[in-house]
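Please read the following report alongside the sequence and the coordinates. It takes up the confidence of the model, the sheet, the contact between the chains, and a few local features of the backbone.

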Amino acid sequence: MNADKNFLVGVFNDEVVLLDGIQKVRTSGLKIHEVFSPFPVHGIDDALGLKRSRLPRAAFLFGLTGTTLALTMQIWMLGYDWPMIIGGKNFASLPPFIPVTFELTVLLSALGMVATFMIVSDLKPYKWPRQFDIRSTDDKHVMAIDLALNSGKSKDEIARILRDAGASEVNEKNFE
Amino acid sequence: MAHHHVEVADEQYVFRPETKRKLFYLLFAGILLFAIGLVSAITQEGKGGHHEEGHHGALHTEKMVASNDHDAAASEGHGHDAHAAGAHHETATWLRRLYSTLWHNNIFFVGLGIIGLFFVAIQYAAMAGWSAGVKRIPMAMGTWIPIAGVLTLVLWFLTSHDIFHWTHSYLYDHAGPQFDKLINKKAPFFFWPLAGGTFPLFYIARMVIFFGLWYYFFTRIRKNMMEEDIDPSTAYWYKNRVVSTVFLIIFGVSSSVAAWDWVMSIDTHWFSTMFGWYVFASWWVTGLATITLIVASLKSAGYLKVVNANHLHDLGKFCFAFSIFWTYIWFGQFLLIYYANIPEETVYFIERMRNSPYSWIFYFNIVVNFVLPFLLLMTRDSKRQLSMLKLVCPIIIVGHWFDFFNMVTPGVMKLDGGLGLLEIGTFLIFAAVYLFVVLGSLTKLPLVGKNDPMLQESLGHHI
């Protein structure tokens with residue numbers, strides 16, 4: 001059996017049940033592939049044992065790039081390439097450069113963060129996500145268990161664990 | 001999120017003798033430094049008084065632009081020479097320095113009182129849930145408001161002639177040699193309905209009304225809190241929401257006018273349309289740092305079981321965000337004046353950038369109030385750790401004390417300003433008394449309002 005093909009899908013009605021359920025499923029030794037919820041559930045990252053995102057570090061580096069770019073650009077342009085007297089100030093004077101520096105810092109860190117997030121999450125144009133259960137976009141929380149990665153347990157056993165964890169129904173989902 | 005109701009045990013802050021002893025040490029250290037500073041300021045003047053006088057005369061002519069607002073006035077009025085030698089040198093330098101530091105510290109601590117109430121009012125008006133467990137700390141800070149009111153009034157009558165240039169009646173005397181056209185035009189703002197140069201009725205009335213209103217709203221909100229503790233009803237919360245909203249509208253106007261009255265009018269000729277915001281931003285971030293520091297200290301001492309890393313995170317974000325906000329306002333005010341380059345506006349910054357000790361404080365201000373909080377509180381972890389908050393909050397508080405120093409002192413002292421034991425001692429005395437009042441007030445109410453309808457949301461707060 002190949003990984004990422006055959007799944008058992010537990011459907012949960014309530015996020016409080018879901019959070020307890022995740023705990024139960026994980027202590028039973030099952031590996032959870034992914035949980036889908038129609039809205040952000042507080043504490044779900046901790047419950048799933050997900051590592052902290054490193055996105056803030058990327059944001060900082062992109063921001064720093066923006067700061068450096070803005071300052072070098074303005075100092076080079078107005079200080080060396082085409083010096084202009086504006087308001088009797090020095091060619092390369094810091095205060096008027098600050099607003100542009102601020103804007104480019106924010107712009108690059110924001111755009112960089114979005115780009116990084118999309119690349120890391122494998123979100124790209126014409127890439128359609130797999131639906132484990134369409135109701136996860138409406139009012140149900142959905143927990144997917146990859147059968148290949150949990151080959152130590154039978155399908156029935158996994159289904160029982162999901163039901164015990166609070167799933168209102170358990171369905172099978174196979175992708176080609 | 002959590003649907004189950006969590007019972008919260010009663011918590012009462014105990015003002016322990018050890019804490020009181022520490023505050024007494026702080027007070028004594030303050031008094032000691034104050035006394036040494038004062039004596040040395042007096043003796044220094046006694047020794048070199050005459051020499052310094054001549055020295056200053058030279059500086060005045062050399063640094064015409066930088067010296068002060070009198071020069072700007074002189075170009076309008078008459079008799080500059082008579083004026084430069086007169087008025088301000090009647091009071092001894094050490095006494096002016098004492099007045100200046102008293103006023104500076106008083107205004108700084110006014111902020112630490114009023115911001116407590118402002119914070120609580122915002123929580124009610126915004127229907128904030130996360131803060132239910134910490135609301136009593138800023139509420140206790142508001143206890144300083146009536147004391148600050150009395151201090152401000154007393155200090156004003158004691159010091160105004162040496163702090164506020166506009167209080168001198170000769171400025172409004174049309175026939176006199178020191179008539180000041182510009183200040184005369186501003187006279188109604190201070191003296192209405194009386195004539196310029198008499199008693200500043202409008203100004204004093206505003207001062208009394210502001211403190212009166214602030215104290216009234218403080219009492220109303222606090223009383224509702226106390227009644228809520230006895231009677232578990234949401235009615236008090238709703239009452240406080242209305243009271244808070246009305247207060248916020250009043251505070252928006254009064255804090256701004258207070259900033260013009262008590263700080264900006266020191267440099268009477270100068271004006272900045274951003275000044276109300278600037279003083280508010282400085283007060284607000286200092287107040288936030290103080291709230292955070294007290295919460296963190298109580299947490300370390302084993303109090304505030306309802307507060308966890310998520311609440312600290314929010315307080316840390318407040319300190320972080322409003323340090324940046326202050327910088328934004330600071331820069332917004334600076335950049336416009338720098339770029340427009342109008343002498344009557346730039347004189348304010350030139351005074352502060354070219355003369356000791358204001359110049360190093362001017363640059364230090366940016367480092368300590370922007371760069372340090374910005375870098376130290378940037379990561380998520382730093383905002384969630386008690387140790388980091390207890391490091392950064394004092395930095396912000398002290399930093400803004402310097403900020404207020406540079407708002408008040410240069411206008412009062414001109415080139416005679418000093419920063420030494422006298423100023424540090426005064427700060428320590430104010431801080432010790434302020435903490436006595438606030439911590440004493442904290443014992444009067446339970447530390448957490450267990451009937452607060454937002455408390456359950458606060459317990460489940462997660463970010």
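Two strands are taken to pair if DSSP finds at least two bridges between them. In that sense, A:Phe7 stands opposite A:Lys173 in β4(A), and the pairings described below are to be read in the same way. The model is a predicted one.

**Confidence**

For the complex, the predictor gives an ipTM of 0.85 and a pTM of 0.90. Chain B has a mean pLDDT of 91, with 90% of its residues reaching 70 or more. Residues 49-88 of chain B should be read with care, since pLDDT stays under 50 over that stretch, for which the model has 44 contacts beyond four places in sequence.

**Domains and sheet of chain A**

In the domain assignment, chain A is given domain 1 (6-52 + 130-174) and domain 2 (55-120). The centres of domain 1 and domain 2 of chain A, taken over C-alpha atoms, are separated by 45 Å.

Chain A holds an open sheet of four strands in the order β2-β3-β1-β4, with antiparallel pairing. Its edge strands are β2 (34-36) and β4 (169-174) of chain A, each of which pairs on one side only, and from one strand to the next the twist averages 25°. Helix α1 (residues 15-27) of chain A packs on this sheet, where it touches β1, β2 and β3 (141-146) of chain A, and its direction makes about 135° with that of β1(A). Helix α5 (residues 155-164) of chain A lies across β1, β3 and β4 of chain A and runs at about 20° to β1(A).

The pairings of the sheet can be set side by side, each with a bridge partner as an example.

| Strand pair | Sense | Bridges | One bridge pair |
|---|---|---|---|
| β1(A) and β4(A) | antiparallel | six | A:Asn6 and A:Asn174 |
| β1(A) and β3(A) | antiparallel | six | A:Val11 and A:Val142 |
| β2(A) and β3(A) | antiparallel | three | A:Glu34 and A:Ala144 |

Between β1(A) and β3(A), A:Phe12 also has a bridge partner, namely A:His141 in β3(A). How far are these strands covered? Five of the seven residues of β1(A) are buried, so this strand is largely enclosed by the rest of the structure. β3(A) is mostly covered as well, with five of its six residues buried.

**Where the chains touch**

How many residues of chain B are in contact with chain A? There are 10 residues of chain B in contact with 10 residues of chain A. Helix α12 (residues 309-340) of chain B supplies five residues, the largest share of the side of chain B that touches chain A. By class, that side of chain B has six nonpolar, three polar and one charged residues.

**A buried loop residue in chain B**

B:Leu171 is found in the loop between α7 (144-163) and α8 (181-191) of chain B. Is B:Leu171 buried or exposed? A residue is counted as buried if 20 or more other C-beta atoms lie within 10 Å of its own, and B:Leu171 is therefore buried, because 25 other C-beta atoms lie within 10 Å. Leaving aside residues up to four places away in sequence, B:Leu171 touches B:Trp166, B:Gln178, B:Phe179, B:Asp180, B:Ile183, B:Asn184 and B:Gly197. The C-alpha atoms of B:Leu171 and B:Ala187, which are 16 residues apart along the chain, are separated by 9.7 Å.

**Backbone features in loops**

Two cis peptide bonds are described here for chain B. The bond from B:Trp192 to B:Pro193 is cis, with omega near 0°, and B:Pro193 has its place in the loop between α8 and α9 (201-230) of chain B. The bond from B:Ser356 to B:Pro357 is likewise cis, with omega near 0°, and B:Pro357 is placed in the loop between α13 (343-354) and α14 (358-376) of chain B.

A:Tyr126 has a positive phi of about 65° although it is not a glycine. This tyrosine, A:Tyr126, is found in the loop between α4 (94-120) and β3 of chain A, and A:Tyr126 counts as exposed because it has 4 C-beta neighbours inside 10 Å. B:Met127, also not a glycine, has a positive phi of about 55°. B:Met127 lies in the loop between α5 (93-125) and α6 (136-141) of chain B, and with 11 other C-beta atoms within 10 Å, B:Met127 is exposed.

Definitions and conventions. Residues are numbered from 1 along each chain as its sequence is written. Chains are lettered from A and ligands numbered from 1 in the order in which they are written. This is a predicted model: local features need pLDDT of at least 70, side-chain atom pairs count only at pLDDT 80 or more; totals for chains, interfaces and linings use all residues. pLDDT is the predictor's confidence in each residue, from 0 to 100. Two residues are in contact if their C-beta atoms, placed from the backbone, lie within 7 Å. Helices (H or I, at least four residues) and strands (E, at least two) are DSSP runs, numbered from the N terminus. Ala, Val, Leu, Ile, Met, Phe, Trp, Tyr, Cys and Pro count as nonpolar, Asp, Glu, Lys and Arg as charged, and the others, Gly among them, as polar. A residue is buried if 20 or more other C-beta atoms lie within 10 Å of its own, exposed if 12 or fewer, and partly exposed in between; C-beta atoms are placed from the backbone. Domain bounds come from an automatic or database domain assignment. Axes are lines fitted to C-alpha atoms, for helices over the stretch in contact, and angles run from 0 to 180 degrees between N-to-C directions.
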